[in-house]
Structures are given as C-alpha cells and as structure tokens.
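Please work through the following exercises with the sequence and the model at hand. Each task is followed by a solution in steps.

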Amino acid sequence: MNQTTNLVADTICRTVELGVTITGAAIAERFTHIECRPVEHDPTCPSCGKPGRLRDHVTRTLADLPVVGHPTRLHIRLPRFTCGNDACEVAVFRQRIDTVAASKACTTRRTAGWILGRLACDKMPVSAVATALGLSWDVVNSLALSTVRHLVYDQPGHLDRVRVLGVDEHKWKHVRGQGDPSFVTVIVDLTPVIDGTGPARLLDMVPGRSAAALKDWLRERDQVFRDRVKIVSMDGFAGYHSAAKDVLSQARTVMDPFHVVHLAAEKLTVCRQRVQQVTLGHRGRSGDPLYGIKRVLLTRETLRTDKQNARLEAVFADEEHIDVEVTERVYQELVAAYADSDKRAGKLAMYKVLNRIKSGVPKELAELAQLGRSLWKRRKEILAYFDTGASNGPVEAINGRLEYLRGIALGFRNLDHYILRSLIHSGQLRESINAL
C-alpha cells in the first residue's frame, strides 16, 4: 500500500487514534483483517530503560471496532528486541503498545468504550454486540462489567455532590429459588433533578428490601458523604424511613407524592368495591353504575369532561353511594393540594385534609378512616415534600427503564451482573464512556 492509500485507510478505520498505521488488508468469510504496524519505533527496554537491538518481529492479533458492519481483526506487526544490558533480567522484549491494548488483552482499549456505548446509548443486548464484534457473549459481557465496575466503584468522586437520595424497591427477577432475593433496594441520586441540572442517576442497588439493606449501604459510605445528604425521598415503607433516620439523622425524609395519592386511590377503589357488593351483591359488571365510573373516580377533577361530571352526579344522586362520594372528595383534595402552584398554600391544604381525617371518621367509612390514620402517622414526611420538592418520580422512571433492560436481556440470573448492567443503562455514564 502506498502512502496515500495508507492515509485513506487510517482515516476510515481511525487507526491513527491507536498509534498504528495500516500496511495491508484482507477480507475473509467472517472478518475483515487489517495488517498494521506501530507509527513510532520504540526499542526501550521496559525493565532497565536502555535501548535494545532489533531481533525479529511478531504479530499480535486484537479485536477492534467493526468496519462497515463487519467484525475486524487487527494484526499488529511488533518488533522484538534483545536487551544489551547484561545486568537486566529481561533478555528479549517486544515493543510496548499500551495505548492500543492492555497487556494480554484480546481487544483494543477503545473496544470497551464502544461496547458500553452500544449497551448504554443504543440499548443493544450483549448478544447483538458480541455478533458485531465477532466475539463470544462471555467475553463481551465480562469486558463490559469490568469496565463499568471501574467507572463506578473505583472512582473516588462517584458520590461527590450527592445531596438528595431517592430510595425504592425493585423486583429484578420473577422466578423462585436460585438463592438471591427477588427484590433489590434501588438508590438514586436526585440532586441533578432538584438543582435542574440534569436527570436522576442510579447510584447503586443492594440485595433485599429492608431497613438493614439500606442501613448497611449507608454505613459503608464515608462520613463526609453521610453528612452531605440532606434529603431522602421514599415510598411509604417504614423500613426505609427508620434506616434513614438512624444513619442520616440530619436528613429530612420525604414521602413521595405518587405513593400518597396511590394509597388514597387504593382506598377509594376498595370503598367502591365494598359499596358495589352491598348494593348489588356481586362484583362490578358492565352496566353497573359504580363499575362504570371506576376510571372517572380516579381522574383529576380539573381534567374531567362535562360528560364525565354528569355521569358522576347521576351516580352520586343515589344515597347508597354516599360512602364513595365522601372518599372521592378526600382523594380529590389530596390531589389538589399537590397540584397547587403555591407550595405554602398546598402544604396548608394538605395539613387540613390530614387533620380532618386523622380521627372521628364514621365507622361506616372504614377505608377513609384507615387512610387517615396511615397518613397522619407519616404527616411530617408528607408535608416535607412542599418544602423540599423532592419526589420519587425519577426513581420510578428508572425502575421502568430497568424493566425494559430485563426485556432486552430476556431476564437475568446473576444479581451482580444485573446491578452492573443497570448502572450501564441508568447510571448516567455517557461522559465517562466517551472519555474511554
């Protein structure tokens, strides 16, 4: 190949990034084979640092990025030298190409970044990435996991600037047995969302969904990190609340609005089902008044159409449905408090609702009475939302992306692999991956 051809080939394959230049190429049935050599000639002995004498050449084969959709193999012709220093322990050595590949590696360094890019950005499964590179699934998976482990756990600044945490449970497998727990505790950095600087970031996942699981993770972090965390947002699970209070005594715990509204919606649904059974003696069927408005009941009042309001008024005109009407009114008041653009007014409205239903609710409204007792116990965390603005919505969004990840991979059997793949998928590692 002449100099112009070399320049074109190096530009297309970007081998100049690796410090090698192309000297030849061939196409086989499965691979594109590229012959190359180092641009710089370096006879320095890695042991004593003195120049050696050229002895011969050897070829090192590495998997590199695909070229025009075909797996590529680089065949780098490396000079070997004889060390002239009699006191040196090394007799024969070959030229080092640490910028191209790590010692004893079967892939170039840039291949790891390419793999993570396909997994994180293009949402490709490992099998598809392995096919594109012409490597085995195990090699690609191991390379991806070892690289992301270095990017996350080996970086001292990974937890810097984390002030707001989101905590939630996540079901990572749907089969019994196999030793590992079916649930994990998901820990998310919500600081970028609160500051308006970016999306939430998955920090880590730990086996189990208990106070001990979260408490152990927090205690494994240094005191500087624990002192920096000021807000912890979570669902209604008391275990996470107690763990945060025990370890992060200075932090405010926030009960997520989604879970408060969801709890109220569940009580409204149970109330409707109970009244349905009392009045008609069977579960909801097409044509039943209460069954026909089951979706309208849960629709925010300001979003209902005139037709939906008319249907509600017709159903509530029956005195037998008074329990549903009262419970629905409380549900709407909770939603309206969260929707108020004036957080101070919303907080006051929320407190009035909680105070009104905390006790003294007629025994006929069993669902509403239970809701009132539950929410009053957690009133401090519920009202804290209006002061902090912290919500577990971004955590739920990450949970949704993790469900998508399981679908891409057709399920997982190894929890460690699942945690690391989740970090690739939702750990906001794009800048770190691009820097590889």
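**Exercise 1. An aromatic pair between two helices**

Determine whether Tyr351 is buried, partly exposed or exposed, and describe its pairing with Trp376.

Solution.
Step 1. Tyr351 has a relative accessible area of 37%, so the residue is partly exposed; buried means under 20% relative accessible area, exposed over 50%, and partly exposed in between (1.4 Å probe, protein chains only).
Step 2. Trp376, with a relative accessible area of 18%, is buried.
Step 3. The model is predicted: local features need pLDDT of at least 70, side-chain atom pairs count only at pLDDT 80 or more, and totals for chains, interfaces and linings use all residues. Residues are numbered from 1 along each chain as its sequence is written, and side-chain values use heavy atoms, with hydrogens and water left out.
Step 4. Rings of Phe, Tyr and Trp (its six-membered ring) pair if their centres lie within 6.5 Å; planes under 30 degrees apart count as stacked, over 60 as edge-to-face and the rest as tilted. The count by this rule is 9 aromatic pairs.
Step 5. One of these is the tilted pair of Tyr351 and Trp376, with 6.0 Å from centre to centre and 50° between the planes.
Step 6. Since Tyr351 belongs to helix α14 (residues 343-357) and Trp376 to helix α15 (residues 366-377), the pair ties together parts that are 25 residues apart in sequence. Helices (H or I, at least four residues) and strands (E, at least two) are DSSP runs, numbered from the N terminus.
Step 7. Trp172, Phe412 and Tyr418 form one aromatic cluster.

**Exercise 2. The pairing of β1 to β4**

Establish how strands β1 and β2 run relative to each other, and in which sense β4 pairs with β2 and with β3.

Solution.
Step 1. Two strands pair if DSSP finds at least two bridges between them.
Step 2. Strands β1 (residues 20-27) and β2 (residues 32-38) run antiparallel and are joined by 7 bridges. Val20 has Pro38 of β2 opposite, and a hairpin of 4 residues connects β1 to β2.
Step 3. β2 pairs with strand β4 (residues 70-83) in the parallel sense, over 5 bridges; here Ile34 has Leu74 of β4 as its bridge partner.
Step 4. Strand β3 (residues 52-67) pairs with β4 in the antiparallel sense over 13 bridges, and Asp56 stands opposite Arg80 in β4.

**Exercise 3. Two positive phi values**

Find the values of phi for Val68 and Lys123, and state where each residue lies.

Solution.
Step 1. Most residues other than glycine have a negative phi.
Step 2. Val68 has a positive phi of about 50° although it is not a glycine. Val68 is in the turn of the hairpin that β3 and β4 form with 2 residues between them, and counts as exposed because its relative accessibility is 73%.
Step 3. Lys123, also not a glycine, has a positive phi near 55°. Lys123 is located in the loop between α2 (109-120) and α3 (126-133) and is partly exposed, at a relative accessible area of 26%.

**Exercise 4. An enclosed strand and a buried aspartate**

Explain why strand β7 is described as largely enclosed, and then characterise the surroundings of Asp204.

Solution.
Step 1. In strand β7 (residues 183-189), 7 of the 7 residues are buried, so the strand is largely enclosed by the rest of the structure.
Step 2. In a regular strand the side chains alternate between the two faces of the sheet. In β7, Phe183, Thr185, Ile187 and Asp189 point one way, while Val184, Val186 and Val188 point the other way.
Step 3. β7 pairs in the antiparallel sense with strand β6 (residues 164-171) over 7 bridges and with β8 over 6 bridges. Lys171 stands opposite Phe183 in β7, and Val186 has Met205 of β8 as its bridge partner.
Step 4. Asp204 lies in strand β8 (residues 201-207). Asp204 is buried and has no salt bridge, the nearest side chain of opposite charge being Arg221 at 4.8 Å. A salt bridge is a side-chain nitrogen of Lys or Arg within 4 Å of a carboxyl oxygen of Asp or Glu; Lys and Arg count as positive and Asp and Glu as negative, while His and the chain ends are not counted.
Step 5. Beyond its neighbours within four places in sequence, Asp204 has contacts (heavy atoms within 4.5 Å) that include Tyr153, Thr185, Ile187 and Trp217.
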